[in-house]
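Biologist: I am new to this structure. Please take me through one part of it closely, the nonpolar core and the strands around it.

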Amino acid sequence: MMRSTSQCLVVALTVLLFLALGVASTLADANRQEVRIAIKARAFQPAEVTVQAGHEVVLRFENHDVEIHAFVPEKLLEGVPVEVGGSGAPQFGDRGLIRLLIGGGGRAEVRFVPRIPGRYRYRCDLPGHQMVGHIRVE
Ligand SMILES: [Cu+2]
């Protein structure tokens, strides 16, 4: 009886160890990609960035304009878990992040793991802005 209890304990501890290692490796994704996108004079710069599928991406938006802008992903983040940080104001819908407002001089970051390769459009939907950018997932 004692023996099987200690065997169970060893198995349980081993499972916990693997879980902990898994969590740690997720938190410290060695292939995490940080992408800086400046917003200046009603334009996303650079207008296109490339990231790798399957690894965490951190999009860092820096709004250098005085006016407010928005990050509106068209398909990229549909059904994708997203973490938003910084001074942005995110709006979520049934299928995830639909819009992130970034005030004048503001900074905001969007973390997610892209899964499906493709070239995804995003835009700023504020009246008259006509700002478009692309995120290529390879
Ligand atoms: Cu704008």
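Modeller: What follows goes from the core to its strands, and then to the open sheet.

This is a predicted model. Its largest nonpolar core holds 23 residues. Those with the most contacts inside this core are F61, A70, F71, L100 and I102. Several strands contribute two or more residues, among them β1 (33-40), β4 (57-63), β5 (69-73) and β8 (96-102). The largest share comes from β8, with four residues.

Take F71 next. Leaving out residues up to four places away in sequence, F71 touches F61, L100, I102 and Y122.

Now look at how β8 is paired. β5 and β8 run antiparallel to each other, joined over three bridges. Here A70 has L101 in β8 as its bridge partner. β8 also pairs with β7, residues 89-93, in the antiparallel sense over five bridges. A hairpin of two residues links β7 to β8. Within this pairing, G93 stands opposite G96 in β8.

Two of the core's contributors, β1 and β4, also lie in an open sheet. Its five strands follow the order β2-β1-β4-β9-β6, and the pairing is mixed. The edges are β2 (43-45) and β6 (83-86); each has a single partner strand, so one side of each is left without a neighbour in the sheet. Neighbouring strands here are turned by 20° against each other on average, direction ignored. Inside this sheet, β1 and β4 pair in the parallel sense over seven bridges. Q33 stands opposite V57 in β4.

Conventions:
Residues numbered from 1 in each chain as written. Predicted model: local features only at pLDDT ≥ 70, side-chain atom pairs only at ≥ 80, totals over all residues. Core = buried A, V, L, I, M, F, W, Y, C linked by C-beta atoms within 7 Å. Buried ≥ 20, exposed ≤ 12 C-beta atoms within 10 Å, placed from the backbone. Contact = placed C-beta atoms within 7 Å. Pairing = 2+ DSSP bridges. Axes fitted to C-alpha atoms, helices over the stretch in contact; angles between N-to-C directions.
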